[in-house]
Amino acid sequence: MLNLATTAQKEEALTACRDSVIGTRIACLIEAYGFDKDYFTLWIQTYDNTVTALLSCFFGSYTLLTFDGADQAELRDFLAMNGCQSLMCSPDFCREAGIKNFTEKNAYVFCDSADENAAQDLDESQYKALYTLISERIPGSFGSSKEDYLSWLSDFTYRKKRGLSRAKGMSSDGVLFACVMTSAEAKSAAIISGVACHAHFRGGGYGGKVVLSAVSELQRENKKVYVIALNDSACGFYEHIGFRLKEKICFIEGI
C-alpha cells in the first residue's frame, strides 16, 4: 500500500535510501525539505510492515526507489494518474511495469582513495559562471531563461547552506574554465554532476582534477561518491579516473 510519508517515518526512509544512487537523491530531498513543503512530497509503499518502495516528487519530477516485493502495478498506476512527466528509477521497474520508453544510463561509485585539491570552492559570485559553463558544455542540462537560472540558484544555495550541495572549479585570469558540482548530497553519500571544461582547456586533465578534488573532499566527510554517466564518452572518463559501475539508472519522460 502506497501512503504519504510522515515525519515519524523520516529515519526509516533514510535508512532505506542507503547504498543506492537513486536513494541518495531521495535522501537529499528528505534532508533538505522535510515533510512540510508543498513542492516536495514523499510516499512510502509497504507490505507486511516492510518498506517496498519510496517515491518522491520535487516540483513535478519523480524519483522511485523499489525493493523486493514492490507492487509495480500500484506504482505505475499512481504515476500515470498523477500525470508523471519525468521519472528517475531502475530498469527493473520499467521492465516489470511494462514501460518501454526509457533510457538506461550507467551509475558509478568511486572505489579508490582520492588525494587531489587542484580545484577551489566556488562562492556566490561564481555561480552564474558555473551555470553558464555547464549549460554550454552539457546541452539541455539547464534552462536558458533568466527564470531558469534564478530557480536553480535558489535551490542550489538553499541546499548548499545546509551542507547538501557544493561546487568546485578551476580558473585562469579570473575566468572559470573547469567545474564540478553535486546534484544531491545526503549524510552518507553524494551524486556528482555538472562536470564541465571549457573547449580551450580540453585534453589537459582538468576535468579529472576537478572531479577528484570534489571526491577527495567528500571522502574526508566519509561519504560515498556516485556519478551518472550521460554517454559512452563519459563512461570511459569516469572509469579512467577510478569510478566503477554500481548500477543502471533509467530516465523516463512521461508515463
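The exercises below, each with a worked solution, concern a predicted model.

**Exercise 1. The span of helix H2**

Task: Compare the distance between the end C-alpha atoms of helix H2 (residues 21–33) with the span expected at 1.5 Å a residue.

Solution: Helix H2 has 13 residues. The expected span is 1.5 Å times one less than the number of residues, which gives 18 Å for H2. In the model the end C-alpha atoms of H2 are 19 Å apart, and this agrees with the expectation. Two details mark the ends of the helix. At the start of H2, a side-chain oxygen of Ser 20 comes to within 3.3 Å of the backbone nitrogen of Ile 22. Just after H2, Gly 34 has a positive phi of about 65°.

**Exercise 2. Burial in H2**

Task: Find how many residues of H2 are buried, then decide whether Thr 24 is buried or exposed.

Solution: A residue counts as buried under 20% relative accessible area. In H2, 12 of the 13 residues are buried; among them are Val 21, Ile 26, Leu 29 and Tyr 33. Thr 24 lies in this helix. Its relative accessible area is 3%, so Thr 24 is buried. Leaving out residues up to four places away in sequence, Thr 24 touches Cys 17, Ala 184, Ala 186, Ala 189, Ala 190, Ile 191 and Tyr 226.

**Exercise 3. How H2 meets H6**

Task: Work out how H2 and helix H6 (residues 146–161) are oriented to each other, and which residues make the contact.

Solution: The two helices pack at an angle of about 80°, and their axes are 10 Å apart. Angles of 65 to 115 degrees count as roughly perpendicular, and H2 and H6 are therefore roughly perpendicular to each other. From H2, the contact uses Cys 28, Ala 32 and Tyr 33. From H6, Asp 155, Tyr 158 and Arg 159 take part. Sorted by class, the contact has four nonpolar residues, no polar ones and two charged ones.

**Exercise 4. Helix H7**

Task: Compare the reach of helix H7 (residues 206–220) with its expected span, and explain why H7 is described as largely enclosed.

Solution: H7 has 15 residues, for which 21 Å is expected at 1.5 Å a residue. From first C-alpha to last, H7 reaches 21 Å, close to that value. Next comes burial: 11 of the 15 residues are buried, so H7 is largely enclosed by the rest of the structure. The buried residues include Gly 207, Gly 208, Val 211 and Leu 218. After the helix comes Asn 222, with a positive phi near 60°.

**Exercise 5. Phe 237 and its contacts**

Task: Place Phe 237 in its helix, state its exposure, and list its contacts beyond four places in sequence.

Solution: Phe 237 is in helix H8 (residues 232–240). With a relative accessible area of 26%, Phe 237 is partly exposed. Its contacts beyond four places in sequence are Val 195, Gly 207, Gly 208 and Val 211. Phe 237 and Gly 208 are 29 residues apart in sequence, and their C-alpha atoms are 8.0 Å apart in space.

**Exercise 6. Two loop residues with positive phi**

Task: Locate Asp 48 and Asp 173, and give the phi of Asp 48 and of Asp 173.

Solution: Asp 48 sits in the loop between strand S2 (40–47) and strand S3 (50–58). Its phi is near 55°, a positive value in a residue other than glycine. At 65% relative accessibility, Asp 48 is exposed. Asp 173 lies in the loop between strand S8 (167–172) and strand S9 (175–185). The phi of Asp 173 is positive and near 55°. Asp 173 is exposed, with a relative accessible area of 81%.

Methods
Residues numbered from 1 in each chain as written. Predicted model: local features only at pLDDT ≥ 70, side-chain atom pairs only at ≥ 80, totals over all residues. Heavy atoms only, no water. Helix = DSSP H or I, 4+ residues; strand = E, 2+ residues; numbered from the N terminus. Buried < 20%, exposed > 50% of the residue type's maximum accessible area, 1.4 Å probe, protein only. Polar contact = N/O pair within 3.5 Å; in protein donor to acceptor, adjacent residues only side chain to side chain. Axes fitted to C-alpha atoms, helices over the stretch in contact; angles between N-to-C directions. Parallel < 35°, antiparallel > 145°, perpendicular 65-115°, else oblique. Contact = heavy atoms within 4.5 Å. Nonpolar A, V, L, I, M, F, W, Y, C, P; charged D, E, K, R; others polar.
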